[in-house]
There are 4 protein chains.
Amino acid sequence: MVKPMTLPDARRGRPRDSRVHEAILTATVDLVTESGYAATSIGAVAARAGTGKDAVYRRWSGKAELVYEAVFTATESAPVPDTGSLTGDLTALVEALLHEFTAPAAAAALPGLLADFAADPGLRTRIRSHFLAPAKSGLADVFERAARRGETSSAVPVDLVLDTLAGAVFFHVGLVGESAAPELAGRLAGLVVRGIEVR
Amino acid sequence: MVKPMTLPDARRGRPRDSRVHEAILTATVDLVTESGYAATSIGAVAARAGTGKDAVYRRWSGKAELVYEAVFTATESAPVPDTGSLTGDLTALVEALLHEFTAPAAAAALPGLLADFAADPGLRTRIRSHFLAPAKSGLADVFERAARRGETSSAVPVDLVLDTLAGAVFFHVGLVGESAAPELAGRLAGLVVRGIEVR
Amino acid sequence: MVKPMTLPDARRGRPRDSRVHEAILTATVDLVTESGYAATSIGAVAARAGTGKDAVYRRWSGKAELVYEAVFTATESAPVPDTGSLTGDLTALVEALLHEFTAPAAAAALPGLLADFAADPGLRTRIRSHFLAPAKSGLADVFERAARRGETSSAVPVDLVLDTLAGAVFFHVGLVGESAAPELAGRLAGLVVRGIEVR
Amino acid sequence: MVKPMTLPDARRGRPRDSRVHEAILTATVDLVTESGYAATSIGAVAARAGTGKDAVYRRWSGKAELVYEAVFTATESAPVPDTGSLTGDLTALVEALLHEFTAPAAAAALPGLLADFAADPGLRTRIRSHFLAPAKSGLADVFERAARRGETSSAVPVDLVLDTLAGAVFFHVGLVGESAAPELAGRLAGLVVRGIEVR
DNA sequence: CATTAAGCGAGACGGTACGTCGCGTCTTTGT
DNA sequence: ACAAAGACGCGACGTACCGTCTCGCTTAATG
């Protein structure tokens with residue numbers, strides 16, 4: 001997801017060892033899960049992966065980018081399932097969000113990750129295009145399907161819905177309680193579907 | 001808000017200088033606003049305030065608590081205004097939230113603050129009782145008034161509404177854009193009022 | 001010999017702990033003796049001394065200055081003994097030089113130390129005033145005594161003698177052999193005394 | 001001078017490119033002259049020479065050997081001139097030494113080189129046979145000629161003279177001043193000739 | 001009114017992590 | 001087989017903060 005930092009002519013010199021790549025990612029996930037984001041240092045990751053720090057810095061520019069790539073990889077390929085109804089689709093979407101954010105590594109990494117991304121303008125931009133944009137287009141797909149079914153009228157406030165759903169999920173996972181209620185997805189989806197009812 | 005860390009016999013020896021207290025808080029707000037949460041160190045705060053680091057540690061146990069107290073002080077006394085309608089009340093409540101989180105120092109401090117609080121079980125508990133609980137009781141008041149007016153039936157999912165409103169506000173401010181749309185509060189309140197299914 | 005790096009108002013704040021000072025110097029001498037100059041790192045010195053690296057950098061600006069002070073301390077107070085004859089005085093002087101340079105720590109440190117000093121203009125200047133100048137004045141004293149005894153005429157090339165004696169000692173110790181012949185001092189002194197004979 | 005590290009069956013595969021060899025030596029001399037010995041790294045030499053680091057390591061075992069060969073090449077063939085007198089011969093010899101050690105690259109490289117050689121027993125041995133031995137035999141020749149002329153008696157302390165002359169030259173160049181006095185050679189030679197007691 | 005305990009500015013202290021650099025080796029693709 | 005390029009494990013660099021501690025000095029309330 002995050003691209004290689006430099007593309008030095010592609011095929012000159014020794015190629016990067018993919019086993020090193022994966023050892024680093026695995027070590028990162030393990031450390032974040034065990035010790036939390038703050039206590040995870042690049043040096044510790046390298047040591048656990050059996051590499052030098054340079055091998056890490058050669059691929060990622062810092063802890064935030066490394067952890068982001070290590071922890072959030074399944075998300076990309078989310079295919080936005082079609083359950084036959086808007087409420088069902090949104091419930092599935094929120095369940096996917098909840099599932100992703102509730103995974104041990106993700107839950108441990110999220111707050112610190114958000115803080116680091118928020119602090120750096122470059123990372124801020126990056127997370128918007130890599131996380132927010134796909135989510136928004138996924139939502140747009142869902143609403144397009146609903147419009148074809150005749151469930152909604154034309155003008156749906158996609159941005160507002162995104163704020164609401166993603167915000168609620170993050171808020172719940174990050175602040176309220178570590179254990180997310182299993183029925184939360186359905187209740188949130190229901191609230192939103194009724195809420196956007198265009199009269 | 002955060003109490004003095006120890007109460008050594010109450011009144012023996014030299015009392016704490018309140019000017020030091022305020023100099024530290026002012027320096028904290030300034031530094032957070034100028035440089036961000038991560039780049040704000042206790043040492044820098046002390047230097048800017050013209051004090052020693054001990055004067056800080058004597059009053060607060062760490063950066064998170066210091067910044068929390070320095071940045072979020074107006075919130076407490078939020079009186080929950082009565083606008084005459086549920087939608088109006090919720091709009092006012094969200095506007096207050098937005099106003100608080102959009103202030104320069106707060107916006108700069110929030111993500112890092114949340115990360116530090118999330119990482120520490122003790123702080124996690126503290127923020128729940130000092131921030132979440134008042135918000136929840138505020139919301140409960142609003143809904144009680146609405147019930148008296150006959151606007152809502154009995155069972156209102158207060159927790160869900162809190163997740164939705166606070167989550168959406170934080171998500172919007174923290175991730176989507178620094179400039180919050182002014183109509184966001186009304187739209188959010190409308191969505192929620194319709195969404196909690198009372199017709 | 002090498003002065004403290006900064007004199008921060010002398011009596012403000014916590015004073016430096018002299019036990020730390022000595023622990024560092026001891027650790028330095030030990031490490032240089034055991035592992036050599038190149039293999040002696042600031043970090044290793046600090047670890048062996050049971051301090052942090054800062055405690056070292058606070059007092060010395062680098063390895064060269066630290067090792068110099070740790071290894072060469074007895075030299076300063078060399079009082080230039082009066083043996084009654086020029087040859088005797090010079091022999092004693094060379095013997096002192098030999099003794100100092102042949103000590104385990106000194107022999108291990110000398111070449112690397114000289115390299116580092118030579119590479120840095122500031123250190124170069126420093127070593128001249130702290131090492132060369134005292135040696136020169138010591139030699140000058142010896143020759144003044146000799147002149148009073150009538151052993152030498154007026155114009156003695158002190159610089160040349162210094163080059164010869166110190167150079168020969170260093171060359172012998174550093175390059176020729178680790179074991180310095182015990183009669184070297186006398187032979188060198190003899191050569192010089194005859195050599196400067198002003199006809 | 002320093003031999004190639006391995007002779008792999010003499011002539012199998014592609015022969016080494018002599019232009020690479022010279023490019024490396026040139027780059028080494030340039031870098032040492034410009035930046036000093038310590039700041040000269042194998043990587044920098046390779047980059048400057050337009051080669052890879054392996055091309056360097058294939059020919060020399062490390063920085064010390066590389067710089068030694070790059071900087072000291074003219075010395076070998078020193079033919080020990082016959083000026084007709086012992087003093088003249090020694091003056092010429094010292095002048096040659098001074099000339100060699102005062103060259104920009106040599107002066108920049110010497111201290112660091114000596115340190116590296118001193119630290120490694122293998123290199124120590126090597127420098128003795130390649131530098132000390134020839135110098136000693138050159139001196140021996142000079143004194144043999146002097147004996148044939150009747151200028152000296154039999155037992156001349158060649159080792160002592162070598163220590164004195166070479167030591168004084170190195171000491172003067174390396175520590176005292178970058179600018180060597182032009183009359184130094186003659187004064188040193190005079191001192192030694194008088195000092196070796198032959199009247 | 002002297003005592004005394006705490007506050008205070010300053011800065012040293014033992015740690016830990018940072019991100020960079022050089023080392024000498026290894027592994028590619030092109031000669 | 002050599003060459004250029006560059007990845008690799010390693011270890012040192014010098015800096016920055018952390019949170020605690022020790023100084024000398026105020027500063028009030030108490031005995």
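Biologist: How far does a backbone N or O atom of Gly52(C) lie from a phosphate oxygen of DNA strand E?
Modeller: Bear in mind that this is a predicted model, where local features need pLDDT of at least 70 and side-chain atom pairs count only at pLDDT 80 or more, while totals for chains, interfaces and linings use all residues. Residues run from 1 along each chain as its sequence is written, chains are lettered from A and ligands numbered from 1 in the order written, and side-chain values use heavy atoms, without hydrogens or water. A polar contact here is a pair of N or O atoms within 3.5 Å (within protein, one must be able to donate a hydrogen and the other to accept it, and residues adjacent in sequence count only if both atoms are side-chain atoms). For Gly52(C), the distance is 3.4 Å.

Biologist: Which residue puts a polar side-chain atom 2.8 Å from a base oxygen of DNA strand E?
Modeller: A backbone N or O atom of Gly50(C) lies 3.4 Å from a phosphate oxygen of the strand, but here we want a side chain and a base. That residue is Lys53(D).

Biologist: How many charged residues does the surface near DNA strand E have?
Modeller: "Near" means that a heavy atom of the residue lies within 4 Å of the strand. There are 44 residues around it, and Tyr57(A), Arg59(B), Arg59(C), Asp54(D) and Tyr57(D) come nearest. Sugar and phosphate make up 62% of the strand's atoms that come within 4 Å of the protein. By class, the surface has 12 nonpolar residues and 13 polar ones (Gly among them), while the charged ones (Asp, Glu, Lys and Arg) number 19.

Biologist: What percentage of residues 41–60 of chain A is helix?
Modeller: UniProt, in an unreviewed entry, lists this span as "DNA-binding region", and such annotations may be inferred rather than shown by experiment. Chain A has 9 helices and 0 strands, counting DSSP runs (H or I, at least four residues; E, at least two). The end C-alpha atoms of the span lie 13 Å apart, strand is at 0%, and helix is at 65%.

Biologist: What kind of axis relates chains A and B?
Modeller: Two copies of a chain are related by a rotation about an axis and a shift along it. Superposed by least squares on C-alpha atoms of residues with pLDDT of at least 70 in both, chain B lands on chain A with an RMSD of 0.3 Å, after a turn of 179° and a shift of 0.0 Å. That makes the axis two-fold.
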